[in-house]
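Hi everyone, thanks for coming along this morning. Please have the sequence and the 3D view open while I talk.

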Amino acid sequence: YAGDAGVPAGGTRRDMNNLAPRFGFAWSPFGQGRTSIRGAYGIFYDVPRFHELSHFVNSPPYSLQITVNQPQSFSEPYAGQVNPFPYAPPSTQEQRAAYQFLRPVTVGLSVDPFFAAPYVQQWNLNVQREIVPSYVVTVAYVGTKGTRLPIRRELNPALYRPGATVGNTNARRIYSPDYASIISYENVINSTYHALQFTLNKRFSKGFTLLASYSYSKSIDGMSIDVDGFNGQDPMNMRADKALSDFDVRQRLVSSFLWEIPGPENRIAKWVLGGWQANGIFIGEAGSPFTVTSGQDRALSGVGTQRPNLTGDPKLDTGRSRDELMALYFDPSKFILPAAGSYGNAGRNLLVGPGSYNLDFALFKKFAVRERLLLQYRWEMFNTFNHANLNNPRSNIGAARPGQIDTTSGPRIMQMGLRLTF
């Protein structure tokens with residue numbers, strides 16, 4: 001704890017070398033104002049997520065947590081152990097001095113003494129060209145590298161040995177018998193992102209504007225989300241979790257538009273048929289990666305989202321019919337459970353789920369009732385085509401129906417409204 005011998009007041013050592021230089025340039029190579037070349041590079045530091053530190057309240061003596069593996073009876077789950085509940089943390093100096101830790105101690109969070117601020121390097125280079133008046137095309141390369149990204153890692157997994165069972169997990173931990181689970185908050189993960197991007201921007205003129213962007217990208221990391229506990233497979237082999245990011249989308253097209261629909265010139269007809277506007281947002285993208293899991297703690301380590309062994313190519317033709325995709329998106333027979341005491345060789349985020357597309361569309365109409373009284377009618381449609389996008393399939397080979405897709409996106413939703421401005 002902070003204040004103990006060798007532990008600084010802040011819990012970690014000072015980090016005084018966080019220099020963040022940034023550089024950018026813009027160049028018009030032909031001097032006509034229609035073509036520009038831009039580029040930039042910068043380093044950006046993050047700060048620790050302070051809610052992480054609140055996990056100290058999950059550790060003794062602030063609170064007490066006990067995990068009982070394979071209890072013999074739910075009516076007497078502490079068989080062979082002292083029942084410490086109800087628990088009251090020490091509140092006086094004498095109680096703190098006399099406090100006795102109940103072993104094995106579960107440490108809800110420890111902080112790496114070498115913890116340093118995570119940082120991101122970002123760089124880009126793009127070329128813009130006005131091809132015709134109001135239409136600008138941009139081609140860009142964008143790169144990002146994250147370094148020292150924070151995770152929570154299990155420092156005290158159980159080691160496999162003959163006779164290992166779930167029930168003797170704590171007896172097989174590295175720091176047994178004094179400690180049970182020890183979750184360490186440390187920054188040991190890196191990430192990379194590279195993207196080729198194309199953009200078409202039609203500035204608003206003659207009642208119409210359009211913005212369309214396409215990206216071809218790839219994102220890789222060792223872990224994509226900082227969750228309570230450890231979210232990898234083997235806390236002693238973090239390299240085995242380096243793979244596509246959970247949020248990696250190889251191709252993505254996003255387009256938005258606004259169109260003021262021309263109306264008749266006749267005053268009466270214009271009041272009914274004129275003044276309409278249409279806008280929409282279209283998104284089409286490739287699928288996102290997912291991990292096939294074993295559904296069992298085959299390593300008997302007491303931690304991790306463990307994976308099976310891969311025996312062949314589990315990918316099936318994604319050009320099959322929709323019903324065939326839903327019935328079996330990948331071949332689960334290409335995965336088998338690893339031997340007891342071992343981790344599977346199947347990689348994280350090994351497969352990629354189905355792609356998706358969606359259009360949200362709206363119509364607007366303004367009615368000028370009087371000089372200072374305006375009535376607007378709105379008709380909005382979400383998922384205009386009523387297209388059900390397939391979600392990722394069941395990926396736990398130890399559960400029912402692995403490889404099947406049984407969930408989709410929501411149906412079309414429409415709403416209408418009136419807005420009176422005065």
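Let's begin with Phe330, which counts as buried because its relative accessibility is 1%. Buried here means under 20% relative accessible area, exposed means over 50%, and partly exposed is in between, with a 1.4 Å probe and protein chains only.

Before going on, a word on where this comes from: this is a predicted model, so local features need pLDDT of at least 70 and side-chain atom pairs count only at pLDDT 80 or more, while totals for chains, interfaces and linings use all residues. Residues are numbered from 1 along each chain as its sequence is written, and side-chain values use heavy atoms, with hydrogens and water left out.

Back to Phe330. Which kind of aromatic pair do Phe330 and Phe335 form? Rings of Phe, Tyr and Trp (for Trp, the six-membered ring) pair if their centres lie within 6.5 Å; planes under 30 degrees apart are stacked, over 60 edge-to-face, and the rest tilted. By this rule the count comes to 9 aromatic pairs. Phe330 with Phe335 is an edge-to-face one, at 6.1 Å centre to centre and with 90° between the planes. Phe335 is buried too, since its relative accessible area is 5%. Add Phe290, and you have one aromatic cluster made of Phe290, Phe330 and Phe335.

Now let's zoom out. The protein has 4 helices and 17 strands. Those are DSSP runs numbered from the N terminus: helices are H or I with at least four residues, and strands are E with at least two. The radius of gyration is 29 Å, whereas a compact globule of 422 residues would have one near 22 Å. That radius is taken over C-alpha atoms, and the globule rule is 2.2 Å times the number of residues to the power 0.38. Along its principal axes, the C-alpha trace spans about 90 × 55 × 50 Å. Of the 422 residues, 33% are buried. The accessible surface is about 24900 Å², and carbon and sulfur atoms account for 58% of that. Areas come from the Shrake-Rupley method with a 1.4 Å probe, and for residues only the protein chains shown count as cover.

What about contacts along the chain? Contact means heavy atoms within 4.5 Å. Taking contacts between residues at least 6 apart in sequence, 70% join residues at least 24 apart.

Next, please find Arg153, in strand β5 (residues 135-154). Is Arg153 buried or exposed? Arg153 is buried, because its relative accessibility is 16%. Leaving out residues up to four places away in sequence, Arg153 touches Ile182, Ile183, Ser184, Glu186, Phe230, Pro235, Met236 and Met238. With Pro235 there is also a polar contact: the side chain of Arg153 reaches the backbone oxygen of Pro235 at 3.0 Å. A polar contact is a pair of N or O atoms within 3.5 Å; within protein, one must be able to donate a hydrogen and the other to accept it, and residues adjacent in sequence count only if both atoms are side-chain atoms.

Another buried residue is Phe367, in strand β15 (residues 356-370); it counts as buried because its relative accessibility is 16%. The charged end of Lys365 sits over the ring of Phe367, 4.8 Å from its centre. For that, NZ of Lys or CZ of Arg must be within 6 Å of the ring centre and within 35 degrees of the ring normal. Phe367 and Trp276 are 91 residues apart along the chain, and their C-alpha atoms are separated by 9.6 Å.

Let's move to a loop. Ser294 lies between β11 (289-290) and β12 (309-310), and counts as buried because its relative accessibility is 0%. Outside its neighbours within four places in sequence, its contacts include Gln306, Leu337 and Asn396. The Ser294 side chain reaches the backbone oxygen of Gln296 at 3.1 Å.

Finally, some backbone details. Where are the cis peptide bonds I'd like you to see? One joins Phe85 and Pro86, and another joins Arg103 and Pro104; omega is about 0° for each. Pro86 is in the loop between α1 (50-53) and α2 (93-97), and Pro104 is in the loop between α2 and β3 (105-111). Ser134, in the loop between β4 (119-132) and β5, has a positive phi of about 80° although it is not a glycine.

Thanks for listening!
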